[in-house]
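Here is a short report on one protein chain. Please look over the sequence and the model before reading on.

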Amino acid sequence: MPGRLRPPTGRYGGKTAEERQAERRRRFLDAALQLFGETPGFRATTVAALSDAAGLSTRQFYEEFRTLEDVLAALHLQVNGWAETAVLEAASDSADLPLAERATAIFRAYAGNLAADPRRIRITFVEIIGVSPRLEEQRLARRAGWVGLICAEADAAAARGEAAPRDYRLAATGFIGSVNGLLHDWSAGWVDATLDEVVEELVSQLLGILRPAGWTPGT
């Protein structure tokens, strides 16, 4: 396996070595989003093909990454980061809204960010699956992060008397599975619904978890 080569230093073309390295990395990740997220997919992509799509050399690839798996790992984190930023912004902007409106804003931000580019959904829910124990650990860690976010929002709602006070970790873990499965199936064309209808269904499920039968607000 080739080792990482020493990156160039100094200023060239008006850019520092760090700026050139960041640009190369961005170009490789942009190319990976295209090849991994469309055709041929991660498993059928070669270093040469990725480098060619990025307009860079294989030598430059090995200056930034050791393997294609490293690229997929970085791309998976990037896609999740975009979605997380959208969700956190929506949560902040809707902080003073009633629970149902707040949940709708948050899930519309999450679903909208992924659905804005179907390649993001493929990276998140398809290409990352079963590649290696390392990537499976990363996928589950990011999933745990989303579970933690839902639990935090649920606990805040419970503190305001908008939701039943309880430990939401198990319910949130199951709910995340519903979110991922429904968005994947919708993107694949297996669900005959608009994205707004998908969001509405997810919010309805979440409210059912937060406000179970027999519970009354403020109790």
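The text below covers confidence, annotated regions and internal space.

**Confidence.** This is a predicted model. Its mean pLDDT is 91. Of its residues, 93% reach 70 or more. Residues 1–5 are another matter: pLDDT stays under 50 there. For that stretch the model has 12 contacts beyond four places in sequence.

**Annotated regions.** Two features come from an unreviewed UniProt entry. One is "domain: HTH tetR-type", which the record places at residues 22–83. The other, "DNA-binding region", is placed by UniProt at residues 46–65. The table gives the computed make-up of each span.

| Span | Helix | Strand | Distance between end C-alpha atoms |
|---|---|---|---|
| Residues 22–83 | 76% | 0% | 21 Å |
| Residues 46–65 | 75% | 0% | 13 Å |

Strand is thus absent from the annotated domain, at 0%. The span annotated as DNA-binding also has 0% strand.

**Internal space.** How many cavities of 30 Å³ or more does the structure hold? There is one. The largest cavity has a volume of about 30 Å³. Its lining consists of I150, Y168, A171, A172, F175, L206, I209 and L210. Two elements each give two or more residues to that lining: α8 (169–187) and α9 (195–210).

What is the character of the lining, nonpolar, polar or charged? Eight lining residues are nonpolar. No polar and no charged residues take part.

Key: Residues numbered from 1 in each chain as written. Predicted model: local features only at pLDDT ≥ 70, side-chain atom pairs only at ≥ 80, totals over all residues. Heavy atoms only, no water. UniProt positions renumbered as here; feature names shortened; annotations may be inferred. Helix = DSSP H or I, 4+ residues; strand = E, 2+ residues; numbered from the N terminus. pLDDT = per-residue confidence, 0-100. Contact = heavy atoms within 4.5 Å. 1 Å grid on protein atoms, 1.4 Å probe; cavity = no way out; pocket = protein on both sides within 12 Å on 5 of 7 lines; lining within 4 Å. Points joined across faces, edges and corners; volume = space filled by probe spheres on them. Nonpolar A, V, L, I, M, F, W, Y, C, P; charged D, E, K, R; others polar.
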